[in-house]
Amino acid sequence: MASQNMDPAASATTASLKGSETSTGASKGSVSKRLQQELMTLMMSGDKGISAFPESDNLFKWIGTIDGAPGTVYEGLRYKLSLEFPSGYPYNAPRVKFITSCFHPNVDQHGIICLDILKDKWSALYDVRSILLSIQSLLGEPNNDSPLNTAAAELWDDQEAFKAHLHSTFKS
């Protein structure tokens, strides 16, 4: 075995060098590994109406899609999202926003999403799959108590009018 042919002093030096690697280099590697695992989990999950893949060859930037859930005013609509993962992921939440314009009480005109699990309720236990499912759920069940889009919040109670406005302004 190779380790039997190594100088014990050399292996101790190697171990101490590995321990002194910059934390960003080590954390980037663990974040990459986590994101690769999440990608596989998402691909194998078979969840209908959600998907996400890295943008080009950058594992830290993904493009996701969410289909509006059946039985909601968003049924039949598909939205694109961007997901950007910080070097501190999964301990720091990713930045997630709509690329496709989304008329919704908890989404502003820039695509910023007001969702507690992306802010103060973030946990390292969440993954891309749970984020996308939460956003998909939010589409049909907004939090009208803290709207980012007050016009959408005011219109929400009249589902027919909301759906008419939503479908007249939707651009995929």
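In what order do the elements of the protein chain run from the N terminus on? The order is α-α-β-β-β-β-α-α-α. The legends below describe close-up views of a predicted model.

**Figure 1. Overview of the protein chain and its secondary structure.** The chain holds five helices and four strands. Of its 172 residues, 34% count as buried. Among contacts with a separation of 6 or more, 53% join residues that lie 24 or more positions apart.

**Figure 2. The hairpin of strands S1 and S2.** Strand S1 covers residues 50-55 and strand S2 covers residues 58-67. The two strands pair in the antiparallel sense, over six bridges. Ile50 has Ile66 in S2 as its bridge partner. Two residues lie between the strands of the hairpin, and Ser56 in the turn has a positive phi of about 50 degrees.

**Figure 3. The largest nonpolar core.** This core has 38 residues, of which Trp62, Tyr74, Phe98, Ile113 and Ile135 touch the most other members. At least two residues each are supplied by helix H2 (23-45), S1, S2, strand S3 (78-84), strand S4 (95-98), helix H3 (128-140), helix H4 (150-156) and helix H5 (159-169). H3 gives the largest share, six residues. Around Ile113, leaving out residues up to four places away in sequence, the residues touched include Leu81, Val96, Phe98, Val107, Leu118, Ile135, Leu138 and Leu148. Ile113 also touches Lys97, Asn106 and Lys119.

**Figure 4. Helix H3 and its buried residues.** The 13 residues of H3 should span 18 Å at 1.5 Å a residue, and the end C-alpha atoms are 19 Å apart, which agrees. Buried residues of H3 are Val128, Ser130, Ile131, Leu132, Ile135, Gln136, Leu138 and Leu139. An α-helix has 3.6 residues a turn, so residues three or four places apart point the same way. Ile131 and Ile135 are both in the buried set.

**Figure 5. Surroundings of Cys114, an annotated position.** An unreviewed UniProt entry places the feature "active site" at Cys114. Cys114 is in the loop between S4 and H3. Its relative accessibility is 27%, so Cys114 counts as partly exposed, above the 20% limit for buried residues. Beyond its neighbours within four places in sequence, Cys114 is in contact with Asn106, Leu138, Ser146 and Leu148. Of these, Leu138 is one of the buried residues of H3. Asn106, Leu138 and Leu148 are also touched by Ile113.

**Figure 6. Thr100 and its polar contact with Lys80.** Thr100 is in the loop between S4 and H3. With a relative accessible area of 9%, Thr100 is buried. The Thr100 side chain reaches the backbone nitrogen of Lys80 at 2.8 Å. Not counting residues up to four places away in sequence, Thr100 touches Arg78, Tyr79 and Lys80, as well as Phe170, Lys171 and Ser172.

**Figure 7. Phe85 in the loop between S3 and S4.** Phe85 has a relative accessibility of 5% and therefore counts as buried. Phe85 and Arg95 are ten residues apart in sequence, and their C-alpha atoms are 6.6 Å apart in space. With residues up to four places away in sequence left out, Phe85 touches Leu35, Leu59, Phe60, Trp62, Pro94 and Val128. Among these, Trp62 is one of the core residues that touch the most other members, and Val128 is a buried residue of H3.

Terms used
Residues are numbered from 1 along each chain as its sequence is written. This is a predicted model: local features need pLDDT of at least 70, side-chain atom pairs count only at pLDDT 80 or more; totals for chains, interfaces and linings use all residues. Side-chain values use heavy atoms; hydrogens and water are left out. UniProt positions are given in the numbering used here, feature names are shortened, and annotations may be inferred rather than shown by experiment. Buried means under 20% relative accessible area, exposed over 50%, partly exposed in between (1.4 Å probe, protein chains only). Contact means heavy atoms within 4.5 Å. A nonpolar core is a set of buried Ala, Val, Leu, Ile, Met, Phe, Trp, Tyr and Cys residues joined through side-chain atoms within 4.5 Å. A polar contact is a pair of N or O atoms within 3.5 Å; within protein, one must be able to donate a hydrogen and the other to accept it, and residues adjacent in sequence count only if both atoms are side-chain atoms. Two strands pair if DSSP finds at least two bridges between them. The expected span of a helix is 1.5 Å times one less than its number of residues.
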